[in-house]
Amino acid sequence: PPVGVSKACSSCVRTADVKDACAQCDQFVCQNCSRLCSCCNTVTCSSCSTVDYGDVGEQVLCNGCLIFQV
């Protein structure tokens, strides 16, 4: 995008930094709405991640890593 153009967060519609995009769906996401996958450390949005409240405690898992959890 051209310099000075901002994108809106796909979750809250606030301004998101152009470099902050979900690794799964490529939608822009602000720092408040982004989630960091506990397994692969990629930035995801709330639609592409799940919070696992298992025995290990609260973990955020992206959809890619979630399929490998039993």
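Is Thr 44 buried or exposed? In this predicted model, Thr 44 counts as buried, because its relative accessibility is 0%. That residue makes a handy entry point, and the account below starts from the overall fold before coming back to it.

The protein holds one helix and six strands. Read from the N terminus, the order of these elements is β-β-β-β-β-β-α. Of its 70 residues, 23% count as buried. The accessible surface amounts to about 4800 Å², and carbon and sulfur atoms supply 50% of it. Among contacts in the protein with a separation of 6 or more, 14% are made by residues 24 or more positions apart.

A word on confidence is useful at this stage. The protein has a mean pLDDT of 82, with 84% of its residues at 70 or more. Broken down by element, the lowest mean pLDDT, 71, falls to strand β2 (residues 15–16), while strand β3 (residues 35–36) has the highest, 93. Where pLDDT is low, the predicted coordinates should not be read in detail.

The pairing of β5 and β6 comes next. Strand β5 (residues 49–54) runs antiparallel to strand β6 (residues 57–62), and six bridges join the two. The connection between β5 and β6 is a hairpin of two residues. Gly 54 has Gly 57, in β6, as its bridge partner.

Back to Thr 44, which sits in strand β4 (residues 43–44). Its side chain forms a polar contact of 3.5 Å with the side chain of Ser 49. Once neighbours within four places in sequence are set aside, Thr 44 is in contact with Cys 22, Gln 24, Cys 33, Ser 34, Arg 35, Ser 49 and Cys 62. Ser 49 thus appears both in the polar contact with Thr 44 and in the contact list of Thr 44.

The residue that follows in the numbering, Cys 45, belongs to the loop between β4 and β5. Cys 45 counts as buried because its relative accessibility is 3%. Not counting residues up to four places away in sequence, Cys 45 touches Cys 22, Cys 25 and Val 29. For Cys 45 and Val 29, the separation is 16 residues along the chain and 6.3 Å between C-alpha atoms. Cys 22 is one of the contacts of Cys 45 and is also among those of Thr 44.

Cys 37 lies in the loop between β3 and β4, and this cysteine is buried, with a relative accessible area of 0%. Leaving out neighbours within four places in sequence, the contacts of Cys 37 are Thr 42, Val 60, Leu 61, Cys 62 and Cys 65. Cys 62 is therefore listed for Cys 37, as well as for Thr 44. Between Cys 37 and Ser 49, twelve residues apart in sequence, the C-alpha to C-alpha distance is 7.6 Å.With so many cysteines in view, how many disulfides does the count come to? With a disulfide taken as a pair of cysteine sulfur atoms within 2.5 Å, the count comes to zero. Cys 39 is in no disulfide, and its nearest cysteine sulfur, that of Cys 65, is 3.7 Å away. Cys 39 is partly exposed, at a relative accessible area of 47%. Why is the sulfur of Cys 48 not bonded to that of Cys 45? The two sulfurs are 3.8 Å apart, which is too far for a bond, although Cys 45 holds the cysteine sulfur closest to that of Cys 48. Cys 48 itself counts as buried, with a relative accessibility of 10%.

Two loop residues deserve a note for their backbone angles. Asp 26 is not a glycine, yet its phi is positive, at about 65 degrees. Asp 26 is placed in the loop between β2 and β3 and counts as exposed because its relative accessibility is 58%. Asn 41, also a residue other than glycine, has a positive phi near 60 degrees. Asn 41 is in the loop between β3 and β4, and its relative accessible area of 54% makes Asn 41 exposed. The loop between β3 and β4 thereby holds both the exposed Asn 41 and the buried Cys 37.

Notes:
Residues are numbered from 1 along each chain as its sequence is written. This is a predicted model: local features need pLDDT of at least 70, side-chain atom pairs count only at pLDDT 80 or more; totals for chains, interfaces and linings use all residues. Side-chain values use heavy atoms; hydrogens and water are left out. Two strands pair if DSSP finds at least two bridges between them. Helices (H or I, at least four residues) and strands (E, at least two) are DSSP runs, numbered from the N terminus. Buried means under 20% relative accessible area, exposed over 50%, partly exposed in between (1.4 Å probe, protein chains only). Contact means heavy atoms within 4.5 Å. Accessible areas come from the Shrake-Rupley method with a 1.4 Å probe; for residues, only the protein chains shown count as cover. pLDDT is the predictor's confidence in each residue, from 0 to 100. A polar contact is a pair of N or O atoms within 3.5 Å; within protein, one must be able to donate a hydrogen and the other to accept it, and residues adjacent in sequence count only if both atoms are side-chain atoms.
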